[in-house]
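Here are my notes on the model you sent. They are set out as numbered points, with the nucleic acid first and the protein interior after that.

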Amino acid sequence: MKLDYSFYQNPDVEDVAQKLLGKVLVTQFNGILTSGKIVETEAYAGPQDKASHAYNGRRTKRTEIMYREGGTAYVYFIYGMYALFNVVTNVKDIPHAVLIRAIEPVDGIENMIRRRKLKDVKHNLCAGPGLLTQALGITTKHSGLSLIKSNIRIEDRNIKISDISSGPRINVDYAGDDALLHRRFWIKQNPWVSKAR
DNA sequence: ATAAAGATCATT
DNA sequence: ATGATCTTTATG
């Protein structure tokens, strides 16, 4: 069943990041349904987190979306090529977010392969934040959409997951000491987790 | 108006 | 380790 606002409005963003592991991220655009099991996430704890776009309460046109109520999609463009998908958490005006870093393909795999311009299923189909958005057809124009009311949603399909591992977030060295915090979570030994760089 | 950086990825 | 590629943001 689809996750509701009560799931997303949890005040503990690290807790949500871990609970998202094993849930299924689904998009349904133009009748094409694609989905994947979330296997890797990162928590961004708003104003107190030097790695967050909302650090120190920064509000810009882009980051404004993070101040919406939990259960909103925050998608932004980075490095001139990639859209990264985040789940906004906590209540309105508290800019917490969870970056979805990797999924394991579940539904519509042929369409995911086509969107990625691959020949067949390879490890790089959706193991990385910039790759899974391509595979699911997510772009910046989806930023601000409700995960409860739009064609992007997250479902609990009662998938049991094994142990959770944690470590520092990727590519946030600009965050000083906050770069050392263990706010990246993944399903232990899952082959679809992104390559750590 | 300009410049610099960036929650990445593929390749060497 | 480096290059591709361009939006967002800060600064002047």
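1. Of the atoms of DNA strand C within 4 Å of the protein, what share belongs to sugar or phosphate, and what share to bases? Please keep in mind that this is a predicted model. In it, 70% of those atoms belong to sugar or phosphate, and bases supply the rest.

2. The residues surrounding DNA strand C are R58, T60, R62, T63, F77, Y79, G80 and M81. Sorted by class, this surface has three nonpolar, three polar and two charged residues.

3. Three polar contacts to DNA strand C can be listed by the part of the strand involved. On a phosphate oxygen, a polar side-chain atom of T60 lies 2.4 Å away. On a sugar or linking oxygen, a polar side-chain atom of R58 lies 3.3 Å away. On a base oxygen, the partner is a polar backbone atom of Y79, at 2.5 Å.

4. DNA strand B has 23 residues around it, and H53, Y76, N86, G130 and N171 come nearest. Of the atoms of DNA strand B that come within 4 Å of the protein, 56% are accounted for by sugar and phosphate. The surface near DNA strand B divides into 13 nonpolar, seven polar and three charged residues.

5. Which part of DNA strand B does the side chain of N86 approach? A polar side-chain atom of N86 lies 2.7 Å from a base nitrogen. G130 and Y174 are placed at phosphate oxygens instead: G130 through a backbone N or O atom at 2.7 Å, and Y174 through a polar side-chain atom at 2.9 Å. The elements that give two or more residues to the surface near DNA strand B are β3 (73-78), β4 (82-89), β5 (96-105) and α4 (129-136).

6. α4 deserves its own entry. Seven of its eight residues are buried, which leaves the helix mostly covered. The buried ones are P129, G130, L131, L132, T133, A135 and L136. G130 is thus both a buried residue of α4 and one of the residues that come nearest to DNA strand B. The cover over the buried residues of α4 includes β1 (24-29), β2 (32-44), β4, β5 and α3 (109-115). After α4 comes G137, with a positive phi near 80°.

7. On the interior: in soluble globular proteins, nonpolar side chains tend to be buried together. Here the largest nonpolar core has 40 residues, and those with the most contacts inside it are L20, L25, F85, I100, L147 and I154. β5 gives the largest share of this core, four residues. Apart from it lies another core, of 15 residues, including A51, Y67, Y76 and A175. Y76 also appears among the residues that come nearest to DNA strand B.

8. What does F85 touch, leaving aside residues up to four places away in sequence? Its contacts are L25, A73, Y74, V75, V98, L99, I100, T133, I138, L147 and I152. Among them, L25, I100 and L147 are also listed with F85 as having the most contacts inside the largest core.

9. Is S165 buried or exposed? The residue sits in strand β7 (residues 164-167). S165 counts as buried because its relative accessibility is 16%, and the cut-off for buried is under 20%. Not counting residues up to four places away in sequence, S165 touches R184, F185, W186 and K188.

Key
Residues numbered from 1 in each chain as written. Chains lettered and ligands numbered in written order. Heavy atoms only, no water. Near = heavy atom within 4 Å. Polar contact = N/O pair within 3.5 Å; in protein donor to acceptor, adjacent residues only side chain to side chain. Nonpolar A, V, L, I, M, F, W, Y, C, P; charged D, E, K, R; others polar. Core = buried A, V, L, I, M, F, W, Y, C linked by side-chain atoms within 4.5 Å. Buried < 20%, exposed > 50% of the residue type's maximum accessible area, 1.4 Å probe, protein only. Contact = heavy atoms within 4.5 Å.
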